[in-house]
Amino acid sequence: GTLTAPAAILESATLETAHRKIERTYLKLVLGSLVGFVAFIFLCWGGCHLYDHAQSRHLVRRAAGYLSGGNLRDAMLSARRAMQLEESVGALRIMAEIAEQANDRTALEWRRQVLKLAPNSNEDRLALASSALQFNETQEAEKTLASLRDDQAETAASHAIRARIAEAKNDVSAAGEHWTRASDLDPQNKSYRIRLALTKLKSKDSAAQEAGRSVLESLRTDETQRALATRALITDAIGRQEDGQKIRALARELQDYPEAVFADRLLYLEILRQLRDPEYAACLTKIEKDAPARPTDLAALLTWMNANQMSLVAIDYAKPLPENVLKTWPVPRLLAEAYSKIGDWLTLERITKDANWGQFDFLRRAFLARALRAQSKSVAAEREWAGAAKSAAVQYESLGLLMRIVSEWGWKDETVDLLWQLTKYPEAQRDALKTLYQQYAKAEDTQGLYRVLVRVAEIDPADLKVQNNLAQISLLLHADMARARQLATDLFHKEPSNPAYSSTYAFSLYERGDSKGALRVMDTLPPDQLNDPAIAAYYGIILAGVGDREKARRYLEIGKKAHLLREEKALLERAEPNLK
C-alpha cells in the first residue's frame with residue numbers, strides 16, 4: 001500500500017497544478033469583479049453625467065420658452081437650475097438676456113462668463129460688446145470688438161456695433177458711415193435703416209435731418225417697422241418741441257397698432273397728461289381697467305403713477321383689486337413705494353411687518369426699516385435693516401437691487417456699505433467699484449478714492465489710467481510713496497507724451513524735493529495741454545516751487561477752474577503765498 005517515490009512526486013505535482021488552477025480561477029473572479037465594479041461606477045457616473053447634461057439642455061430650452069413669453073422669473077429659475085447641473089453656455093446666455101431686459105448691469109458679467117466658455121464664438125463677442133454699450137462701457141465694447149477674427153470684422157453686425165460706439169462718443173459722422181455700411185451689407189435688415197435715419201436726425205445739416213425723417217416716414221408703411229419708426233419720430237418731435245397736437249396724433253396712431261406694447265399706451269397717456277387734454281381722464285380709466293389682466297402691465301402703470309407724483313392715486317386705484325393680484329410680484333413693492341412717497345409710515349409699517357414677499361423678503365425688511373426709522377423707532381429700524389442687508393448678501397443680484405433702492409431714498413452710508421459688499425462678487429465688482437469711485441469723486445473723498453483704486457489696480461493691473469490715478473492719489477495722501485513714485489516713473493517712460501502721466505511724474509519729483517526736475521518734465525508738454533485746468537494746476541504749483549511767480553500766478557488761476565480734490569486745493573492755497 002505504500003507509494004513509490006516517483007508516484008508520490010507525481011501526485012504532489014498534480015495537486016500543486018490543481019491548486020494553482022484554483023488560485024488562478026479565484027484571481028480571475030476577483031479581478032473580474034473588480035473590473036466590473038469599476039466599470040459599473042464609470043457607467044453610473046457617465047449615466048449621471050449624461051442625465052445631468054440632458055436635463056440641463058431641457059431646462060435651457062424651457063428657460064428660452066419662458067423668456068420668449070416674457071416670463072422672466074421662471075426663465076431665471078430654469079436657467080439657474082441648468083447651471084447647477086453643469087457649466088451651461090446656453091443658460092448663461094439666457095441669464096444675460098434676462099439681465100439686459102431688466103436693464104441690470106450684471107448682464108455684462110454673464111456675457112463675460114459666456115465668452116470664457118466659448119472663446120471662439122464671434123457671436124458672443126458681439127453680444128458682449130452690445131451689452132457693454134447698453135451699460136455705457138464703451139472701452140470694453142471697443143476692446144471686445146478688436147478681438148474679432150478678420151473674417152468677422154467686416155460684417156453688418158460688427159459695423160452696427162461700431163456705429164453704436166461712435167454714437168456713444170457723439171461722433172455722428174462715423175456713426176452714419178457704419179450704419180450705412182451695415183445697411184449695405186444686410187439690406188434686408190430694416191432696423192439698420194432706422195438707426196441710420198436716427199443718426200441723420202442728430203446731424204447739424206438740416207438736409208440730412210429731413211432725409212432721416214423721410215426714411216422714418218417711409219418705414220411707417222412697413223408693418224414690421226412702423227412701431228419703431230413712429231416711436232423715433234415721436235422722440236424727435238418732442239426733442240424739437242414740435243406742436244403738441246402733432247405729437248399727440250403720432251402717439252395715438254402708435255398705440256392703435258396691433259403690435260403696440262403697453263408702454264406705447266402709457267406714452268400716449270403721458271402726452272395727454274402734459275397737454276391737459278380732455279381725453280386724458282377717459283384714457284387713464286381705460287388703462288386702469290385693462291392693466292390688472294397682466295402683472296407686467298399693472299406694474300408698469302403703478303411705476304408710472306409713482307414717477308409722476310400720483311402715488312396717492314395708485315394707492316386708491318389698487319385698493320379694490322383682488323387679493324391675488326395685489327400679492328403678485330412686483331405689485332407689493334410698488335405699493336410699498338407709493339406709501340413711502342406720500343410719507344404714510346404707519347401704513348407702510350403695517351403692510352410690511354408680517355407680509356410674505358418670498359425671495360424678496362430683504363426688500364420687505366428694508367421698507368419696514370424705512371417706516372420705522374421715519375417714526376424714530378431706531379432700535380427696531382436698525383434690526384430690520386441689518387436683517388435686510390444680511391439676507392440680500394446671499395446673492396449679488398439681491399444686493400444690487402437693494403443698493404439701487406436705498407440709493408434712491410438718499411441713504412448714502414447704506415448705499416456705500418452695500419457697494420463694498422458687491423465688490424466681493426467677481427460678477428459685480430467692476431461696476432460696484434466704478435460707482436464707488438464716482439460717489440467718492442463727487443464727495444471729494446480722497447481716502448475713499450484711494451481704497452477703490454487699490455482694489456481696481458489689483459483687478460486690472462494692465463489699465464494704465466487706473467495705475468496713474470492710483471499714483472496721483474497716493475502722492476496726495478502720502479500713502480505707499482515708494483510704490484507711487486515707481487508707478488509714476490514707469491508710466492511716464494511708457495508714454496512720455498501723455499499729459500496726465502507727465503504731470504503725475506512731475507508731481508512725484510516735486511514731492512521728492514526736485515522742483516527743477518519736475519519743471520523740466522512739465523515744460524515738455526505743448527501749450528494747449530498746459531492750459532488744461534487739471535494740468536495747469538500742477539504746473540502752477542511747480543512753477544511756484546521754483547520761484548517763477550508771474551507764470552505760476554497765471555497757471556494757478558487756470559487750475560482753479562478744474563474739479564480739484566481737497567488735497568489739491570490745499571496745494572494751490574499753499575502755493576499762492578509764494579507769489580507775493
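In this predicted model, helix H25 (residues 446-459) packs against helix H26 (residues 464-477) at an angle of about 145°, and the two axes sit 9 Å apart. The crossing of H25 and H26 is left-handed. On the H25 side, the contact draws on Thr446, Gln447, Leu449, Tyr450, Leu453, Val454, Val456 and Ala457, while H26 brings in Val466, Gln467, Asn469, Leu470, Ile473, Ser474 and Leu477. Sorted by type, the residues of this contact come out as 10 nonpolar and 5 polar, with no charged ones.

Charged pairs turn up elsewhere. As a rule, side chains of opposite charge can pair when their charged atoms come close. A search of the whole structure picks up 36 salt bridges. One of them joins the side chains of glutamate 397 and arginine 80, at 2.0 Å from N to O. This pair links distant parts of the chain, with glutamate 397 in helix H22 (residues 396-409) and arginine 80 in helix H2 (residues 72-85), 317 residues apart. Glutamate 397 has a relative accessible area of 16%, so it falls under the 20% cut-off and counts as buried.

Another salt bridge runs between arginine 111 and glutamate 100, whose closest N and O atoms are 3.0 Å apart. Here helix H4 (residues 106-117) supplies arginine 111 and helix H3 (residues 89-101) supplies glutamate 100, and the two residues are 11 apart along the chain. Arginine 111 is buried, at 9% relative accessible area, and glutamate 100 also counts as buried, at 18%.

For arginine 252 and glutamate 279, the side chains meet in a salt bridge at 3.4 Å, N to O. Arginine 252 belongs to helix H12 and glutamate 279 to the loop between helix H13 (262-275) and helix H14 (280-290), so the bridge ties together parts that are 27 residues apart in sequence. Arginine 252 is partly exposed, with 34% relative accessibility, and glutamate 279 is partly exposed too, with 26%. Salt bridges also form a network that takes in Glu210, Arg213, Asp236, Arg240, Glu242 and Lys246.

Arginine 370, in helix H20 (residues 361-374), goes without such a partner. This arginine is buried yet has no salt bridge, and the nearest side chain of opposite charge, glutamate 408, is 8.1 Å away. Leaving out neighbours within four places in sequence, arginine 370 contacts Ser340, Trp345, Trp409 and Trp411.

Glutamate 427 sits in the loop between helix H23 (412-422) and helix H24 (429-442). Its relative accessible area is 22%, so it rates as partly exposed. Not counting residues up to four places away in sequence, glutamate 427 touches Glu109, Gln113 and Tyr396. From its C-alpha to that of leucine 275, 152 residues away along the chain, the separation is 45 Å.

Then there are the backbone oddities. Most residues other than glycine have a negative phi, and most peptide bonds are trans. Glutamine 241 nonetheless has a positive phi of about 55°; it lies in the loop between helix H11 (226-239) and helix H12 (244-256) and is exposed, at 72% relative accessibility. Glutamine 309 likewise has a positive phi, near 55°, within the loop between helix H15 (295-307) and helix H16 (311-318), and this glutamine is exposed at 70%. As for the peptide bonds, the one from tryptophan 329 to proline 330 is cis, with omega near 10°. Proline 330 is placed in the loop between helix H17 (323-326) and helix H18 (331-342).

Terms used
Residues numbered from 1 in each chain as written. Predicted model: local features only at pLDDT ≥ 70, side-chain atom pairs only at ≥ 80, totals over all residues. Heavy atoms only, no water. Axes fitted to C-alpha atoms, helices over the stretch in contact; angles between N-to-C directions. Helix = DSSP H or I, 4+ residues; strand = E, 2+ residues; numbered from the N terminus. Left-handed = near helix turned anticlockwise from the far one by under 90°. Contact = heavy atoms within 4.5 Å. Nonpolar A, V, L, I, M, F, W, Y, C, P; charged D, E, K, R; others polar. Buried < 20%, exposed > 50% of the residue type's maximum accessible area, 1.4 Å probe, protein only. Lys, Arg positive; Asp, Glu negative; His and termini not counted. Salt bridge = Lys/Arg side-chain N within 4 Å of Asp/Glu carboxyl O.
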